[in-house]
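Visitor: I'm new to this one. Can you put the structure up and walk me through its empty spaces and its charged pairs?

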Amino acid sequence: MILTAIAIGVPWAAAMATALARRQPRAIAFAAALAAAIASALLLRAAPSGQSLEEALMLLFSCLTLGATLVIPRRDCTPGTMAGVLFLLGSTLLAYSTDDLRILLGAWVLSTLPFFLQGWLRNAAWRPRVGLLLSAVALAMAMALIAAQGGAMSIAGLKGRSPGGMAVFGLLVAAVIFRKGICPSHAWVADAAESGSAIPTALLLNGHFGAMLVARMIVPLFPNTARDLFPLLSYLALATALYVAIRALTENSPRRLLAFLALSQSACILAGLESRTVEGITGALVHWFVVTASTMGLFGILRLLEVRFGENLTASRHLGLAEHAPRLAVFFIVFGLALVGLPGTLSFCSQDLLIHGTLASHPLTGLLLPIATAINAASVFRLFARLFLGRRKTGFTAMADALPRERWILAAGVLFVVLGGLFPNAIVARRAAEAETVEHATVTPPDAPGR
């Protein structure tokens, strides 16, 4: 309990200190994220096998934020931005760690708050705010219906009881669709990436609250309903993965293109969680880690390129930036290919499990997943070729490669996806035990409550 309080409370306290003191925002944010990462690591070490998903996600997001505090360019490293990042970190860890539905709702809302506040991370576009607001409203209505019935307000106390019936189930699914950007609510994700702060927006997207709600609440509370109706949500996820992958093929805005890639791959996570097979759920949980690390690396590198070479980067022509930033070019292609299943990376294992599990439960529509992944691979290489290959036609001659603090944190991300692919059992074995827990939640006797 003390470690959980440290992991959540230190970032929030640091956010307030950063906003008030307005001095040394990077140092304060780094120290707070480091404290949260250490506390999360200790929690993961103490967690029993097969019941450590929450602690693993806490450590993953803490490390993600720790890296973001180092990679974020000086131009973006304002007190408001860093306070927003730290507030997002505390809220996300609170959502991962709590079993109380009321606290989960509060954390869900608080995680979006920095993106509504002027001077923090407020987005200029209206769609991201509407999408996040609708997801919060849907979740709040579901919680209100559950509370109206009286009784327990904890996930453990409501497990298998289908509280509120189909009305609550539908509202929870709506919250997932709006928060995760599943069709037809996908437009806000690209708008958020294009008009907002790139690295904080990537952190918001990589909280994967939609997938978290499915794994931790919808499946345990509605086992029979989930078993009967999840194919519909799975079809939506697979259709989203394919649709936005096709959209990325013709997109020339690097930010929007990366947003479509991230959305397509995260929709694959949702499809795997809904496959009702241990293999597919394991692949989804492992791919969660891959997508999180890879997309954060890609968004971080893109923002560094914008700061160094101008924010009017485009994928409509070859820019030849590898001549001036060879390290960033190498990091970009490794992260990009690791996202789409490059052999020798952790994604190769997760994609294999995802495809097998999804095809086992959906023999026909499951084919959309490997097709979407292949299209995403083509988009990754197209973006890499346009940004880094060719000859730069301007007089720019200065060296603008990765700085040491950027280089080391990007190297750590590359090592994670590569070593995870070379020694996958260290990650896959733990996620497989948790996948069995999720899969068993949908296997209940016919006379179970809510049938």
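**Pockets, cavities and salt bridges**

Guide: Take the second largest pocket to start: the largest share of its lining, nine residues, comes from α3. Helices here are DSSP runs (H or I, at least four residues; strands are E, at least two), numbered from the N terminus. A pocket is an open set of points on a 1 Å grid over the protein atoms alone, with protein on both sides within 12 Å along at least five of seven lines; a cavity is a set where a 1.4 Å probe fits but cannot get out, and lining residues have an atom within 4 Å of a point.

Visitor: What kind of model is this, and how are residues numbered?

Guide: This is a predicted model: local features need pLDDT of at least 70, side-chain atom pairs count only at pLDDT 80 or more, and totals for chains, interfaces and linings use all residues. Residues are numbered from 1 along each chain as its sequence is written, and side-chain values use heavy atoms, with hydrogens and water left out.

Visitor: Back to that pocket. What volume does the second largest pocket have?

Guide: About 590 Å³. A volume is the space filled by probe spheres set on the points, and grid points are joined across faces, edges and corners.

Visitor: Which residues are closest to the centre of the second largest pocket?

Guide: L60, C63, L64, A293 and F416, out of 25 that line the second largest pocket. α3, α14 (278-309), α18 (404-422) and α19 each supply at least two lining residues.

Visitor: How does that lining divide by class?

Guide: Into 19 nonpolar, four polar and two charged residues. Ala, Val, Leu, Ile, Met, Phe, Trp, Tyr, Cys and Pro count as nonpolar; Asp, Glu, Lys and Arg count as charged; the others, Gly among them, are polar.

Visitor: And the largest pocket, what's its volume?

Guide: The largest pocket has about 800 Å³. Its lining has 31 residues, and E54, Y96, S97, D99 and R216 are the closest to the centre. Several helices give at least two residues each, among them α1 (2-21), α2 (25-46), α4 (79-97) and α11 (209-221). By class, the lining has 17 nonpolar, eight polar and six charged residues.

Visitor: Now the closed spaces. How many cavities of 30 Å³ or more are there?

Guide: Two. The largest cavity has a volume of about 190 Å³. Of its 17 lining residues, K180, L205, N206, H208 and S266 lie nearest the centre. By class, that lining is 10 nonpolar, five polar and two charged.

Visitor: What lines the second largest cavity?

Guide: F115, N123, P128, R129, L132, W188, A192, T201 and L204. α6 (127-148), α9 and α10 each give two or more residues to this lining. α6 gives the most, with three. The space in the second largest cavity is about 60 Å³.

Visitor: Switching topic. How many salt bridges are there?

Guide: The count is 13. A salt bridge here is a side-chain nitrogen of Lys or Arg within 4 Å of a carboxyl oxygen of Asp or Glu.

Visitor: Show me one. What distance separates N and O in the R303 and D76 pair?

Guide: 2.6 Å. The pair links distant parts of the chain, 227 residues apart: R303 is in helix α14, and D76 is in the loop between α3 and α4.

Visitor: Are R303 and D76 buried or exposed?

Guide: Both are buried. Buried means under 20% relative accessible area, exposed over 50%, and partly exposed in between (1.4 Å probe, protein chains only).

Visitor: What does R256 pair with?

Guide: R256 forms a salt bridge with D191, their closest N and O atoms being 3.0 Å apart. R256 lies in helix α13 and D191 in helix α9, so the pair ties together parts 65 residues apart in sequence. Both residues are buried. R256 and D191 also belong to a network of salt bridges with R127, E194 and E251.

Visitor: One more pair?

Guide: E406 and R308 meet in a salt bridge (2.7 Å, N to O). E406 is in helix α18 and R308 in helix α14, so the pair ties together parts 98 residues apart in sequence. E406 is buried, with a relative accessible area of 1%. R308 is also buried, at 19%.

Visitor: Last thing. What is the mean pLDDT?

Guide: The mean is 90, and 96% of residues reach 70 or more. Over residues 445-451, pLDDT is below 50. pLDDT is the predictor's confidence in each residue, from 0 to 100. Where it is low, the predicted coordinates should not be read in detail.

Key:
Contact means heavy atoms within 4.5 Å.
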